[in-house]
Amino acid sequence: MTLVWGIIASFLYVEIFVVLLLVLPLRSPQQWHRFFKSRFLAMLSRQAQTYFYLLLAVLVLFLLEAIREMRKYSSNDHSHTETHLNVEMQHSMRLFRAQRNFYISGFAIFLSLVIRRLVSLISGQAVLLAQAEASMKQAQSATSAARTLMNQQKDEDKKSDAKDKPAGGDASNSEELKKKITDLEQELAKERKDKEAMKSQSESLNREYDRLTEEYSKLQKKITISSADKSD
């Protein structure tokens, strides 16, 4: 293996390790989100998209080169009886190297896209969880405020009954309290609807996360089978 393909293979192994870190439940989505938003990664993220597309273009070039080599050594004719055994072995070795380079570059491109998708899914899930937690706190505060207003209204009603006299001002205050309670109940219902929507979005993100995990498992099985074939 040449130096360039050795570097690409090392990059593929690093990608496999990163995918394992992201897929295994070692850290929560909030922790990963804080890590992605750290100062060091924030400095790198300014040019991250440019570097990603540049790396992807380089890998695509090596993939096309591997395909060209495969077609080159697959199209040669070996039907001549005068072909030496050493020449055939060299040709088979070059074809095997071309196929190996094709799989290495192809898997490197695929895992690059998988890592990018996993990072976006984890960050989106962390944001949704934070929004759901904030909405729950708002709903709880609205509920406590509504209960306080209802208790105040009950106290006002008891005082008016004890005084046993018309209370036009108390009636107006009671109407205002009822209106506030209605507004708070509407706000609480809205917060609950938002919470349900965020839960559905979080479940869809989890399903997408599981799908990518399954694709990664299939890819890892293909790599294992390819490595076993190469060792044979």
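This passage describes the helices, the nonpolar cores and a nonpolar surface patch of a predicted model.

The chain contains six helices and zero strands, and its order along the sequence is α-α-α-α-α-α. Of the contacts with a separation of 6 or more, 89% join residues 24 or more positions apart. Buried residues account for 28% of the 232 residues. The exposed area of the chain is about 16200 Å², of which 58% is supplied by carbon and sulfur atoms.

The largest nonpolar core comprises 31 residues, and Leu12, Ile16, Val19, Leu22, Leu111 and Leu118 have the most contacts inside it. At least two residues of this core come from each of helix 1 (3-23), helix 4, helix 5 (85-163) and helix 6 (168-231). Helix 5 provides the largest share, eleven residues. When residues up to four places away in sequence are not counted, Val19 touches Leu111, Ile115, Leu118 and Tyr216. Another core, of five residues, lies apart from the largest one and includes Ala146, Leu149, Leu177 and Leu184.

Nonpolar side chains also occur at the surface, where Val60, Leu61, Leu64 and Ile67 make a nonpolar patch of about 330 Å². Val60 is located in helix 4 (residues 48-74). The relative accessible area of Val60 is 33%, so this residue is classed as partly exposed, the class that lies between buried, under 20%, and exposed, over 50%. Patch residues must have over 30% relative accessible area, a cut-off that the 33% of Val60 meets. In soluble globular proteins, nonpolar side chains tend to be buried together.

Technical notes:
Residues numbered from 1 in each chain as written. Predicted model: local features only at pLDDT ≥ 70, side-chain atom pairs only at ≥ 80, totals over all residues. Heavy atoms only, no water. Patch = residues over 30% accessible without salt bridge, like charges linked within 9 Å, V, L, I, M, F, W, Y side chains within 5 Å. Areas by Shrake-Rupley, 256 points an atom, 1.4 Å probe, with all protein chains shown as cover. Salt bridge = Lys/Arg side-chain N within 4 Å of Asp/Glu carboxyl O. Helix = DSSP H or I, 4+ residues; strand = E, 2+ residues; numbered from the N terminus. Buried < 20%, exposed > 50% of the residue type's maximum accessible area, 1.4 Å probe, protein only. Core = buried A, V, L, I, M, F, W, Y, C linked by side-chain atoms within 4.5 Å. Contact = heavy atoms within 4.5 Å.
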